[in-house]
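Work through the exercises below with the coordinates loaded. Each task is followed by a solution in steps.

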Amino acid sequence: QVQLVESGGGLVQPGGSLRLSCAASGFTFSRYAMSWYRQAPGKEREKVAGITSAGGSINYADSVKGRFTISRDNAKGTAYLQMNSLKPEDTAVYYCNAKPATGYIGTQYWGQGTQVTVSS
């Protein structure tokens with residue numbers, strides 16, 4: 001059974017930090033690119049950051065560059081999103097996504113989401 005389980009969300013003050021985790025199971029994690037998306041109320045889901053299957057290439061949305069860091073541990077089957085200098089506009093439900101890497105055939109998977117609220 002495929003699972004992507006996010007954790008680490010919560011309420012934080014502006015300027016604070018959170019670290020999100022996405023624990024994967026039921027598929028070959030090292031063959032999947034991982035991404036973090038977020039969706040704020042009334043807005044479309046947007047991609048925040050992505051990392052290739054071996055971690056050799058990383059990209060970020062302009063809105064989070066310099067503040068967020070995506071990483072992965074293939075041995076643990078887990079992806080992370082370190083979020084620093086959080087702003088109220090970062091408030092959203094954050095989802096992790098797994099997409100087959102180039103050359104592999106498979107299904108895209110989504111986690112259930114974790115709420116991040118930035119407020120004083």
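Buried means under 20% relative accessible area, exposed means over 50%, and partly exposed lies in between (1.4 Å probe, protein chains only). The model is predicted, so local features need pLDDT of at least 70, side-chain atom pairs count only at pLDDT 80 or more, and totals for chains, interfaces and linings use all residues. Residues are numbered from 1 along each chain as its sequence is written, and side-chain values use heavy atoms, with hydrogens and water left out.

**Exercise 1. Aromatic pairs**

Task: Classify the pair formed by F27 and Y109, and state which parts of the chain the pair ties together.

Solution.
Step 1. Rings of Phe, Tyr and Trp (its six-membered ring) pair if their centres lie within 6.5 Å; planes under 30 degrees apart count as stacked, over 60 as edge-to-face and the rest as tilted.
Step 2. Searching the whole structure gives four aromatic pairs. For F27 and Y109 the centres are 5.0 Å apart and the planes make 40°, which puts this pair in the tilted class.
Step 3. Helices (H or I, at least four residues) and strands (E, at least two) are DSSP runs, numbered from the N terminus. F27 lies in the loop between β3 (18–25) and β4 (32–39), and Y109 lies in strand β10 (residues 109–110), so the pair ties together parts 82 residues apart in sequence.
Step 4. F27 has 16% relative accessibility and therefore counts as buried. F27, Y32 and Y109 make up one aromatic cluster.

**Exercise 2. A charge over two rings**

Task: Over which rings does the charged end of R45 sit?

Solution.
Step 1. A charge sits over a ring if NZ of Lys or CZ of Arg is within 6 Å of the ring centre and within 35 degrees of the ring normal.
Step 2. For R45, one such ring is that of Y95, with the charged end 3.8 Å from the ring centre.
Step 3. The ring of W110 also qualifies, at 4.7 Å from its centre.

**Exercise 3. An open sheet**

Task: Give the strand order of the sheet that contains β1, and find its edges.

Solution.
Step 1. Two strands pair if DSSP finds at least two bridges between them. Strands of a sheet pair through backbone hydrogen bonds, either parallel or antiparallel.
Step 2. The order is β1-β3-β8-β7, four strands in an open sheet with antiparallel pairing.
Step 3. β1 (3–7) and β7 (68–73) are at the edges; each has a single partner strand, so one side of each lacks a neighbour in the sheet.
Step 4. Ignoring direction, neighbouring strands of the sheet are turned by 15° against each other on average (axes are lines fitted to C-alpha atoms, for helices over the stretch in contact, and angles run from 0 to 180 degrees between N-to-C directions).
Step 5. At one edge, β1 and β3 run antiparallel and are joined by five bridges, and Q3 stands opposite S25 in β3. The covered face of β1 holds L4 and E6, while Q3, V5 and S7 are on the uncovered face.
Step 6. At the other edge, six bridges join β7 to the antiparallel strand β8 (residues 78–83), with S71 opposite Y80 in β8.

**Exercise 4. Salt bridges**

Task: Which residues are linked in a network of salt bridges, and is D90 buried or exposed?

Solution.
Step 1. A salt bridge is a side-chain nitrogen of Lys or Arg within 4 Å of a carboxyl oxygen of Asp or Glu. The whole structure contains four of them.
Step 2. E46 and R38 form one, with their closest N and O atoms 2.7 Å apart. E46 is partly exposed at 34%, whereas R38 is buried at 6%.
Step 3. D90 and R67 form another, at 2.7 Å from N to O. This pair links distant parts of the chain, 23 residues apart: D90 is in the loop between β8 and β9 (92–100), R67 in the loop between β6 and β7.
Step 4. D90 is buried, with a relative accessible area of 0%, and R67 is buried at 10%.
Step 5. The network links R38, E46, R67 and D90.
Step 6. K65 and D62 also meet in a salt bridge, 3.2 Å from N to O; D62 counts as exposed at 64%.

**Exercise 5. Two serines**

Task: Where are S35 and S53 placed, and what do they touch?

Solution.
Step 1. Contact means heavy atoms within 4.5 Å.
Step 2. S35 is in strand β4 and is buried at 7%. Leaving out residues up to four places away in sequence, its contacts include K47, I70, Y95 and C96. The C-alpha atoms of S35 and K47 are 7.3 Å apart, with their positions 12 residues apart in sequence counted as separation.
Step 3. S53 is in the loop between β5 (46–51) and β6 (58–60) and counts as buried at 18%. With residues up to four places away again left out, S53 touches, among others, R31, Y32, R72 and A101.
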